[in-house]
Amino acid sequence: MNAWLVLASGVEGIPLPYSPRTDDVIALVLLACFFLSSFALARSKKFLSQQAKDFMLHRERTSIFATSTAADVRYLLLLVLQTCILSGICIFNYFNDVQPALMEQVSPPLLLGIYILVCLLYFLLKWLLYSFLGWVFFDKNRTSLWLESYSTLIYYLGFVLFPFVLLLVYFDLKIIFLVSIGLFLIIIAKILMFYKWIKLFFDNISGLFLLILYFCALEIMPCLLLYQGLRELNNILVIKF
């Protein structure tokens with residue numbers, strides 16, 4: 001009789017650990033990103049192609065034929081949003097692997113939204129910083145060309161990140177492999193930025209050293225500060241929740 005009662009009451013199961021691949025919110029976000037990028041690419045394909053050509057083939061001034069329309073601007077802003085969303089998912093997946101207890105204490109959708117907002121603020125602050133430094137140290141034309149080039153990198157980064165995020169979320173790969181791919185993408189983006197800096201701001205050999213210092217201060221240090229800031233943010237969220 002006692003044995004029957006034990007069987008009838010059952011045994012409490014062990015809950016499975018959180019996994020992004022089983023999260024419906026992330027699946028819906030990725031599906032939305034797919035439709036968003038397809039829509040923007042279909043509507044602004046020619047303009048995006050012209051932006052890529054202008055990035056690789058240096059122009060001395062902005063072209064009247066490359067001026068974006070109001071519709072282009074709306075679609076390109078969607079691509080910036082997509083890049084921020086995909087970057088937020090990358091950060092979310094990374095901390096899920098290195099700090100899984102965080103997902104048990106903080107709601108995963110809330111955490112994902114915070115990371116996406118942090119990425120959006122990061123890109124916005126970088127844009128404002130570039131605009132301010134260009135206004136102080138350089139002429140308006142070269143500043144406009146750099147901001148245009150920086151925007152082009154952000155647009156295309158979203159397209160590159162999409163297959164990477166799919167690989168990150170739905171394939172059980174080792175964290176070291178995923179971090180290596182992520183670092184590779186970051187390094188390629190920084191190399192392209194430095195290439196454009198040389199094209200726009202390199203005047204003489206003596207200025208190359210200053211250019212490298214500015215590049216480290218504006219491109220390398222913010223990435224390190226962002227990573228450390230995210231770790232501190234995670235600690236604050238754990239305490240709050």
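Let me start with the length of helix α7, where helices are DSSP runs of H or I with at least four residues, numbered from the N terminus: its 27 residues, at 1.5 Å a residue, should span 39 Å, and because its end C-alpha atoms lie 38 Å apart, the two values agree. The expected span here is 1.5 Å times one less than the number of residues.

This is a predicted model, in which local features need pLDDT of at least 70 and side-chain atom pairs count only at pLDDT 80 or more, while totals for chains, interfaces and linings use all residues. Residues are numbered from 1 along each chain as its sequence is written, and side-chain values use heavy atoms, with hydrogens and water left out.

Now to the partner of α7: helix α6, residues 140-170, packs with α7, residues 175-201, at an angle of about 165°, their axes being 11 Å apart, with axes fitted to C-alpha atoms over the stretch in contact and angles running from 0 to 180 degrees between N-to-C directions. That makes α6 roughly antiparallel to α7, a term used for angles over 145 degrees. Among the residues making the contact (heavy atoms within 4.5 Å) are Trp146 and Phe164 of α6, and Leu185 and Trp197 of α7.

Within α7, the buried residues (under 20% relative accessible area, with a 1.4 Å probe and protein chains only) include Leu185, Lys190 and Trp197.

Finally, Tyr122, which sits in helix α5, residues 108-137, counts as buried because its relative accessibility is 16%. Leaving aside neighbours within four places in sequence, Tyr122 is in contact with Pro222, Cys223 and Leu226.

Notes: Helix = DSSP H or I, 4+ residues; strand = E, 2+ residues; numbered from the N terminus. Parallel < 35°, antiparallel > 145°, perpendicular 65-115°, else oblique. Buried < 20%, exposed > 50% of the residue type's maximum accessible area, 1.4 Å probe, protein only.
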